[in-house]
Amino acid sequence: MLYGRGEEVAKIRALLDGAAAGHGGALVIVGEPGAGKTALLDAAVDIADASWQVLRCAAIRDEAELPLVGLELLLSSTTNGIAALPKRETLRAAFDLSSPSLTDDRLLLGAGTLSLLTELSATGPVLCLIDDAQWLDQISADALSFAARRLGARQIMILLAGRTEFSTPVPDQLRLAPLDSAAARALLAERMPELSPQTRDRALAIAAGNPLALMELPRIMDDALPVGLLALPDRLQRGYQGRIGEQPDSVRLALLVAAADDSGDLALVLRVIADLGVTAEALDGAERSGIVTISGQTIVFRHPLERAAAYRIASFTQRLAVHAAIAAASRTDSYGRAWHLAAASTGPDETAAAALETAATRANNRASRTTAVMALEQAARLSPEPTDRGRRLLLATEAAADIGQWKRALELAAKTEGATPTGPEERARLASVQARIEFERGALPVAHGLFLDAAAHAAVAQPDRAAAMLLDAAVTAWIAADPSGVDVARTRLTELSTSPQHTTLRAAVDYVFAMPYGNHLGRRQSTRTSGRRDGSRFSDAPSVRLALAIQAIGAGDVDRARDILIEVGLRCRDRGMVGWLPAIYSTFGTVEMLLGHLPKAQLMLTTGLRIAHEIDQPNRASHAESRLAVLAAIHGDDARCRRFAQSSLRRSSIDSNAVNIAHAQWALGLLDLGHGRYDEATDRFEALDRSSNRVLGRWTHMMSDAVEAAVRLRDPQRATEPMAALERWFAATRAPWIEAHLLRCRGLLDGDGKCFARALALHAAAHRPLDQARTGLLYGEWLRRERCKTEARAMLRDALRTFEWLDARPWAERARAELRAAGATVAPAARSSAATQLTPQEFEVVRLAAKGATNKEIAARMLLSPKTVAHHLYRAFPKLGVTNRHALTQLDLDHDATAGP
């Protein structure tokens with residue numbers, strides 16, 4: 001498949017169809033080296049069927065001065081060469097260099113070429129393909145151009161492909177533009193799906209839409225410095241160095257300086273070339289050549305690949321001298337100066353290493369953590385002292401982990417371990433980052449042990465850091481359904497000092513991670529205030545904030561969890577800490593799902609899944625898939641639910657990730673419940689309760705669903721255990737929304753309408769639309785059985801509206817059936833036009849904009865950039881038939897069912 005060349009292929013196809021029908025044609029394809037000219041010639045061959053006779057050649061640069069060599073190459077590509085052609089005497093004589101009279105008669109030679117092609121076409125259409133036409137000898141080029149302009153009613157098609165400088169009088173020309181961003185990304189996604197986002201984005205920037213560069217550069221760029229440019233693939237190097245190599249030495253040196261310094265700072269280039277003994281006139285020659293453009297205070301290469309060629313054509317010693325001169329001419333201790341010092345170094349160099357470390361700190365502060373990793377790794381290579389080398393490798397390891405470069409972080413961690421032994425603080429940090437890597441790889445027991453080791457190293461000198469690591473250990477053990485591992489972490493946390501910060505973390509471990517195992521020691525008040533001490537040093541760590549968010553969910557304070565996730569998500573996004581985003585987005589999606597804000601949940605979970613795949617975090621991908629399976633179950637989408645659940649179960653079974661297993665099994669049970677398969681649903685919930693993951697299945701909604709399945713199966717005895725667990729959970733949390741579920745279940749078991757009514761009021765107060773609708777459905781069913789049909793119809797209609805809005809199809813169908821049983825006329829299923837036309841992300845942006853939120857405010861709420869928000873509004877307006885934000889307020893975008901915090 002030729003990405004981004006659909007129009008070009010269509011044009012070639014049309015010309016071939018015309019030639020086959022007796023309307024000969026010719027086309028000249030011109031473009032930069034690597035633009036895809038040869039690929040289009042290949043496409044022409046693929047389009048032509050077996051009836052076509054194909055003549056093909058590629059002109060040869062070293063033979064461009066030899067008369068008729070191009071035409072000979074083309075015609076000799078027939079089965080028997082020129083000897084097989086009819087009326088071949090003219091060309092055979094022409095190819096005989098001892099007959100100069102014919103080679104001098106261009107008109108006769110062109111007519112002879114046309115005649116031969118015409119007679120060859122008597123047995124079927126002829127396709128002539130000439131690649132690298134810029135290197136055709138002039139006589140051959142003239143002969144082919146003569147024939148191409150006179151094809152008329154012949155079954156002949158001539159395609160010439162050459163570089164942008166190729167000139168011919170053939171009128172129909174096709175200039176190949178660079179691939180657009182979408183096509184370039186699609187090409188890389190298909191051919192190199194394993195690329196990291198950082199490598200992919202750098203390849204896209206340097207290739208600038210050049211297909212060959214896109215295919216070749218990622219293979220050679222992993223260890224390349226951000227200055228000095230990449231080595232070009234041979235074909236591109238040869239293509240772009242032609243004009244540069246023809247320039248005088250002074251011009252090539254000026255081009256080398258401009259290429260080595262990627263800032264485009266004309267003043268700096270002028271200072272450097274002056275220091276190297278070259279006058280400013282050299283830049284005049286560079287501009288006249290068309291290789292660079294000088295405007296105002298900037299100098300820019302016509303194409304990024306030409307810049308690379310200008311750099312690579314220089315010798316190694318020239319490049320070293322230029323980097324040293326640029327570093328010396330830099331007037332500040334800048335980021336660029338550090339890299340030029342490094343590029344000019346040929347051995348250990350503490351000056352360059354220290355400058356790179358400073359550059360890495362600045363890059364981290366600007367969220368350029370990919371650059372920081374490169375800078376720190378290079379600084380380690382240049383460090384003369386082993387202790388400095390180890391310290392810088394550790395910093396690089398941590399930075400690589402923060403951006404989700406797990407493979408690279410693992411390699412750096414191994415190098416760090418092999419460096420000079422360091423103190424307990426460094427060993428603690430190394431063990432902690434190794435634990436994170438193992439966690440993301442799915443090795444939960446290994447990660448748990450490493451977190452404990454890290455805490456042991458930090459306990460004396462850094463108790464706050466040790467406490468955070470022990471919380472990580474507890475979370476890891478909890479996820480793996482390992483109660484003894486949770487208990488070990490909790491015991492060691494208790495042995496640390498009794499500072500308020502540690503009390504907060506102990507409460508988190510006790511309340512959420514230890515309570516389900518029967519050894520809960522915390523109190524509700526201490527846990528519901530956990531995470532509020534934002535000024536403490538440890539609370540800024542994303543792992544701690546995530547753990548406190550999970551703790552808040554378990555404590556029933558889902559709104560607080562949402563606030564924590566928004567805060568840590570914005571911080572990680574703004575600081576470029578991509579490695580944390582899948583966990584944050586997926587946990588955020590879980591919160592929105594629990595709140596019943598299904599479009600928001602879908603948006604967050606799909607975003608988390610996408611990033612997890614991009615940065616190779618299978619554990620986090622499984623996390624998102626298990627929750628997406630729950631959403632699919634709510635929507636009644638069997639295929640999607642089973643696909644996500646099975647994918648998550650496969651991975652989570654390998655990783656022993658009990659939390660993901662519990663959610664995937666919940667999704668399958670909920671799917672059965674929604675479709676009325678109550679026996680299967682009850683069996684699945686009971687199997688989950690009997691498994692080692694049972695304590696992790698005690699989420700409020702899971703227990704509530706298990707009770708409903710048993711009651712609908714008319715076997716209330718099987719609801720005893722989940723009902724008891726739900727009562728214990730509410731007794732521990734006293735959360736009103738959990739009480740609402742408890743009341744719903746009591747209403748089901750006892751047939752008590754007052755319980756349903758109280759539950760509805762609590763759902764409404766907590767803004768839980770899906771929970772409210774499901775309780776309303778159960779209450780409406782009860783009212784109909786009690787022959788209160790008027791009240792039942794009102795209750796069921798409210799529930800149906802919410803189900804339709806949220807696209808909860810199984811529940812909507814049940815509400816319609818109950819309405820019909822209550823004697824109501826039910827309209828066909830319908831959803832809001834806005835909801836059906838917009839993507840989940842577009843819908844949420846539009847909904848917030850309609851409430852008056854600015855782009856910046858929307859970006860903060862949704863963990864997006866303001867530019868992305870503006871893009872979504874731009875795409876959504878025409879879908880909704882509006883032209884401004886004010887018009888959004890007139891649309892039905894904020895149904896009561898989706899009102900959220």
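# Briefing: a 901-residue chain and its cavities

F756 counts as buried, because its relative accessibility is 2%. This residue belongs to a predicted model. The chain has 901 residues, and 57% of them count as buried. Its secondary structure comes to 47 helices and seven strands. The points below cover the whole chain, its cavities, its aromatic residues and two backbone angles.

**The whole chain**

- The accessible surface comes to about 36400 Å².
- Carbon and sulfur atoms account for 51% of that surface.
- Many contacts span long stretches of sequence: of those between residues at least 6 apart, 67% join residues at least 24 apart.

**The largest cavity**

- The chain holds eight cavities of 30 Å³ or more.
- The largest cavity has about 430 Å³ of space.
- Its lining is made by 26 residues.
- F439, V475, I479, I550 and R620 lie nearest the centre of the largest cavity.
- Six elements each give two or more residues to this lining: α22 (424–441), α24 (463–479), α28 (542–554), α30 (581–595), α32 (618–635) and α34 (658–674).
- By class, 13 of the lining residues are nonpolar, eight are polar and five are charged.

**The second largest cavity**

- About 150 Å³ of space lies in the second largest cavity.
- Here the lining counts 16 residues.
- I634, H701, L770, D771 and R774 lie nearest the centre of the second largest cavity.
- Helices α30, α32 and α34 are among the elements that give two or more residues to this lining, and they also appear in that list for the largest cavity.
- The list for the second largest cavity also includes α36 (700–712), α38 (736–750) and α40 (769–785).
- Its lining divides into eight nonpolar, four polar and four charged residues.

**Aromatic residues**

- The whole structure has two aromatic pairs.
- One of the pairs joins F756 and Y779, with ring centres 5.6 Å apart.
- The planes of these two rings meet at 25°, under the 30 degree limit, so the pair is stacked.
- F756 lies in helix α39 (residues 753–766) and Y779 in helix α40.
- The two residues are 23 apart in the chain, so the stacked pair links distant parts of it.
- Y779 has 13% relative accessibility, which is under 20%, so this residue counts as buried.
- F756, at 2%, counts as buried too.
- W782 joins F756 and Y779 in one aromatic cluster.
- Helix α40 therefore has two roles in this briefing: Y779 of the stacked pair lies in it, and it gives two or more residues to the lining of the second largest cavity.

**Positive phi angles**

- D132 is not a glycine, yet its phi is positive, at about 50°.
- This residue sits in the loop between β3 (126–131) and α7 (138–148).
- D132 counts as partly exposed, because its relative accessibility of 23% falls between the 20% and 50% limits.
- R787 is another residue other than glycine with a positive phi, near 65°.
- The loop between α40 and α41 (789–806) holds R787.
- At 72% relative accessibility, R787 is over the 50% limit and so counts as exposed.

How values were computed: Residues numbered from 1 in each chain as written. Predicted model: local features only at pLDDT ≥ 70, side-chain atom pairs only at ≥ 80, totals over all residues. Heavy atoms only, no water. Helix = DSSP H or I, 4+ residues; strand = E, 2+ residues; numbered from the N terminus. Buried < 20%, exposed > 50% of the residue type's maximum accessible area, 1.4 Å probe, protein only. Contact = heavy atoms within 4.5 Å. Areas by Shrake-Rupley, 256 points an atom, 1.4 Å probe, with all protein chains shown as cover. 1 Å grid on protein atoms, 1.4 Å probe; cavity = no way out; pocket = protein on both sides within 12 Å on 5 of 7 lines; lining within 4 Å. Points joined across faces, edges and corners; volume = space filled by probe spheres on them. Nonpolar A, V, L, I, M, F, W, Y, C, P; charged D, E, K, R; others polar. Phe/Tyr/Trp six-rings, centres within 6.5 Å; stacked < 30°, edge-to-face > 60°.
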